[in-house]
Amino acid sequence: MANRPPRRFSAQGPAPLGQDERDYIRDLVFYEDDALIAFNKPSGLPVQGGSGITRDVDRLLAAFTTCKGRKPKLVHRLDRETSGLLIVAKTSPAAAHLSAQFAGRQLEKRYLALVGGKLMVEEGQIDLPLVKIKSGGLDLMRAANSGETDAQTALTNYRVLSSGPAASLVEVAPQTGRMHQIRVHFAAIGHALAGDTKYGGLLMLAGKPCPRLMLHAATLDFTHPTTGEPMRLSVPPPDDFSAFVELVLPA
């Protein structure tokens, strides 16, 4: 047998971050301490990578890697199209503490959503179990039919902040954490979120083109993972969200 050169193997990790990427993710920070970092994530930025994705929060967290090689850890998610508050843990104990709060529903999340049409009930709860499905290769959710064994309980509290004939601005407090819960719940009651291409949201409101999915993670109440003190973080909606709300709702 002829002699063959030895086979060489290489493990290629993700490409190192460029300075523009480091500056980009650092510009999104609005709060930081020894245990966590809070970002104001823009709509369109994925939290995690996938097919065709070249920039995502998880990869960009390498900009905060310590001299001991410790990179911050994700403890929750936002949909790619959703803007707003995203927190990450800087240490493993903080990650475990925060993840347990998210898993145990021991914190309160509040969102702003612009939905189509005028809601007749100005404050209420949507109690509608959901089922995960595959459609066109995508993971989606739908309202469960009576008796479906794989249905997941889903509860969403809301109150109307402002409304007009074309749309309503609502504050939403999900009581469970199902995928796309807010989007599916409002679509199911006939008031899909504006700009929601997955669940039938209108792309035009009051004759104006909707710039994006109109969902913003505004406020998070939780227990700080090291001090044990109650903490509230809030970020205002970005300009594209606020400007569109002003266009379609009466002053």
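**View A. The lining of the largest pocket mixes 13 nonpolar, 11 polar and 10 charged residues.** Here, Ala, Val, Leu, Ile, Met, Phe, Trp, Tyr, Cys and Pro count as nonpolar, Asp, Glu, Lys and Arg as charged, and the others, including Gly, as polar. What you're looking at is a predicted model, with local features needing pLDDT of at least 70 and side-chain atom pairs counted only at pLDDT 80 or more, while totals for chains, interfaces and linings use all residues. Residues are numbered from 1 along each chain as its sequence is written, and side-chain values use heavy atoms, with hydrogens and water left out. The pocket holds about 1,000 Å³ of space. Of its 34 lining residues, Arg77, Leu78, Asp79, Met179 and His180 are the closest to the centre. Helix 3 (92–103), strand 5 (108–116), strand 8 (138–143) and helix 4 (181–188) are the elements that each give two or more residues to this lining. Helices (H or I, at least four residues) and strands (E, at least two) are DSSP runs, numbered from the N terminus. A pocket is an open set of points on a 1 Å grid over the protein atoms alone, with protein on both sides within 12 Å along at least five of seven lines; a cavity is a set where a 1.4 Å probe fits but cannot get out, and lining residues have an atom within 4 Å of a point. Points are joined across faces, edges and corners, and a volume is the space filled by probe spheres set on the points.

**View B. One cavity of 30 Å³ or more turns up in the model.** Rolling a probe the size of a water molecule over the atoms shows where empty space is left. The largest cavity has a volume of about 60 Å³. Around it sit His76, Leu78, Leu85, Lys109, Arg110, Tyr111, Ala217, Ala218, Thr219 and Leu220. By class, that lining splits into six nonpolar, two polar and two charged residues. Strand 5 and strand 13 (215–223) each supply at least two of them, and strand 13 gives the most, with four.

**View C. Phe39, Val170, Phe186 and Leu193 touch the most other members of the 31-residue largest nonpolar core.** Such a core is a set of buried Ala, Val, Leu, Ile, Met, Phe, Trp, Tyr and Cys residues joined through side-chain atoms within 4.5 Å. Buried means under 20% relative accessible area, exposed over 50%, and partly exposed in between (1.4 Å probe, protein chains only). Among the elements giving two or more residues to this core are strand 2 (36–41), helix 2 (57–60) and strand 10 (167–174). Strand 5 gives the most, with three residues. Zoom in on Phe39: leaving out residues up to four places away in sequence, Phe39 touches Ile25, Leu28, Val29, Phe30, Leu61, Phe64, Gly84, Leu85, Leu86 and Val88, with contact meaning heavy atoms within 4.5 Å. A second, separate core of 17 residues includes Ala38, Leu220, Met231 and Val235.

**View D. Strand 4 has seven of its seven residues buried, so it is largely enclosed by the rest of the structure.** Strand 2 runs antiparallel to strand 4, and six bridges join them; Ala38 has Ile87 of strand 4 as its bridge partner. Two strands pair if DSSP finds at least two bridges between them. Strand 3 is also antiparallel to strand 4, joined by two bridges, and Leu74 partners Val88 of strand 4. Strand 13 pairs with strand 4 in the parallel sense over two bridges, with Ala217 of strand 13 as the partner of Gly84.

**View E. Thr82 sits in the loop between strand 3 (73–74) and strand 4 (83–89).** Thr82 counts as buried because its relative accessibility is 1%. Apart from neighbours within four places in sequence, Thr82 contacts Lys41, Pro42, Ser43, Tyr111, Arg212, Leu213, Leu215, His216 and Ala217.

**View F. Ala154 is in the loop between strand 8 and strand 9 (155–163).** With a relative accessible area of 0%, Ala154 is buried. Beyond neighbours within four places in sequence, the contacts of Ala154 are Ile126, Asp127, Leu128, Pro129, Leu130, Thr176, Arg178, Gln181 and His185.

**View G. Arg105 has a positive phi of about 55° without being a glycine.** Most residues other than glycine have a negative phi. Arg105 belongs to the loop between helix 3 and strand 5 and is partly exposed at 28% relative accessibility. Ala206 also has a positive phi, near 50°. Ala206 lies in the loop between strand 11 (204–205) and strand 12 (208–209), and at 48% relative accessibility Ala206 counts as partly exposed.
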